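Work through the following exercises with the structure open beside you, and try each task before reading its solution.

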Amino acid sequence: MQDIAARRARLLGPHMTTFYREPVHVARGEGVWLWDTEGRQYLDCYNNVPHVGHCHPRVVDAIAKQAATLNTHTRYVHDAILDYGEALTAKFEHDLESMMMVCSGSEANDLALRMAQVMTGKTGIIGTDNTYHGNTTAVSQLNSSKLPIGGYQDHVRQVPAPDNMVPVGGSREGQAEAFAKGVEKAIAELEASGHGVSALIVCPYFANEGFPTLERGFLDRAVAAVRKAGGLIIADEVQPGFGRIGSHWWGHEKLGFAPDIVTLGKPMANGHPVAAVVTRLEILTAFQEQFKYFNTFGGNPVSAAAAMAVLNVIEDENLISNAADVGAYTVDLLHDVASRHEVIADVRGSGLFFGAELWRDGKPATKLCSLMVDEMRERGVLLHSEGRHDNTLKIRPPCVFDRANADQLAETLDAALEAVT
Ligand code: PMP
């Protein structure tokens, strides 16, 4: 491990992120399991990228077959992207009938922002104050963890993100209105400074914000205000998308609003670098009339085959209802664990995206949360932390997670809390 850490620091830079005090040196994966180079097995409760399970044979086979037949850049005509595009857009209930494929969530959000600016003729962007949408120069303006060089640009506004423990506006009931007021203030500022509003961009599950519990309709007033100001709504579905939340294919359906642009990534092809922007044809057309956009790898035959296999597996293995069933079962177990450990101040989540927020002595228990993440790793269960104070255990396993896996998670959590607190 010493040797690999030194090699990484030299080659990839000393601050390249890894998880855990003792990073896991992975060798192999299958379903919800990972094995390290010494053969130790871990229950993976964190990876949302292998959405249908690590190394799912149908995805592996689809990639291998297409790679052995043809892979090329995207300026030729090929059926795979069209077959996939038709299958994907059929999963959207309203008029999001067109798409562009790219290679990362960052690229998808960058493209979405550009589309919104072309479509509206305005430049202002509104996001939340505790989020992450990716790492291009434009998109990193929205990120809250590190201030961009030169600070935030004047066309970007961040509004307070919703939160379970410290709700915007002081109460959970009043949170939607308080959030909308933040958006309305941002709109007024952007209009006064001449930028106007091109888009509100939000993750409809507020995943990086700490996935607070929100009522259907939470965004309605904010969405109406943005539309009234002539702006578009971008739903960043990189984390909640593809049925992870159990009740719906997409987070925006659960919240009950209709975005103009949806961005997708991470789970889309089970680890193969595939992402997309899904939108109305009129938006895509306006963008293409303005910019000659080309993406060498976006939607190449192998990527499209991988993504198609994922879509098929989600349906054939009923993974959305599995997420609903096992997710609800696990949240019940977490409530049970919480009844024995008062440091758990809140248990929340939907489908296979849930967690527990830790507080001690009336304060967010950030350090304890970090200790718990390492303790769980030592006990063979991989999860991580999230939220404004990094004090929420974030649990987001591959969607083939089953009840026996949930039992193991809850038992390990119980024992780890016992040991650490
Ligand atoms: N949007 C959200 C909500 C994300 O969480 C992330 C990555 N964590 C991204 C976009 C960026 O995706 P990528 O790393 O594929 O560029």
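**Exercise 1.** In this predicted model, find which residue of S7 Gly124 stands opposite, and then work outwards to the sheet.

*Solution.* Begin at Gly124, which stands opposite Val197 in S7. Next, take the two strands as a whole: S5 (residues 124–128) and S7 (residues 197–202) run parallel and are joined by 3 bridges. Then widen the view to the open sheet, in which 7 strands follow the order S4-S10-S9-S8-S7-S5-S6 with mixed pairing. Strands S4 (98–102) and S6 (156–159) stand at the edges with a single partner strand each, so one side of each has no neighbour in the sheet. From one strand to the next, the twist averages 20°. Finally, add helix H5 (residues 175–192), which packs on the sheet by touching S5, S6 and S7, and whose direction makes about 160° with that of S6.

**Exercise 2.** Determine how the helices H10 and H12 are oriented to each other.

*Solution.* Start with the geometry: H10 (residues 319–340) and H12 (residues 403–420) pack at an angle of about 20°, and their axes are 10 Å apart. Angles under 35 degrees count as roughly parallel, and H10 and H12 are therefore roughly parallel to each other. The contact includes Val326 and Leu333 of H10 as well as Ala406 and Leu413 of H12. Sorted by character, the residues of this contact of H10 with H12 comprise 9 nonpolar, 1 polar and 3 charged.

**Exercise 3.** Describe the shell around the ligand.

*Solution.* Of the 15 residues around the ligand, Ser104, Gly105, Ser106, Gly134 and Val238 come nearest. Helix H4 (residues 105–120) gives the most to this shell, with 3 residues. The shell divides into 4 nonpolar, 9 polar and 2 charged residues.

How values were computed:
Residues are numbered from 1 along each chain as its sequence is written. This is a predicted model: local features need pLDDT of at least 70, side-chain atom pairs count only at pLDDT 80 or more; totals for chains, interfaces and linings use all residues. A residue is near a molecule or strand if its C-beta atom, placed from the backbone, lies within 6 Å of it. Helices (H or I, at least four residues) and strands (E, at least two) are DSSP runs, numbered from the N terminus. Ala, Val, Leu, Ile, Met, Phe, Trp, Tyr, Cys and Pro count as nonpolar, Asp, Glu, Lys and Arg as charged, and the others, Gly among them, as polar. Axes are lines fitted to C-alpha atoms, for helices over the stretch in contact, and angles run from 0 to 180 degrees between N-to-C directions. Angles under 35 degrees count as roughly parallel, over 145 as roughly antiparallel, 65 to 115 as roughly perpendicular and the rest as oblique. Two residues are in contact if their C-beta atoms, placed from the backbone, lie within 7 Å. Two strands pair if DSSP finds at least two bridges between them.
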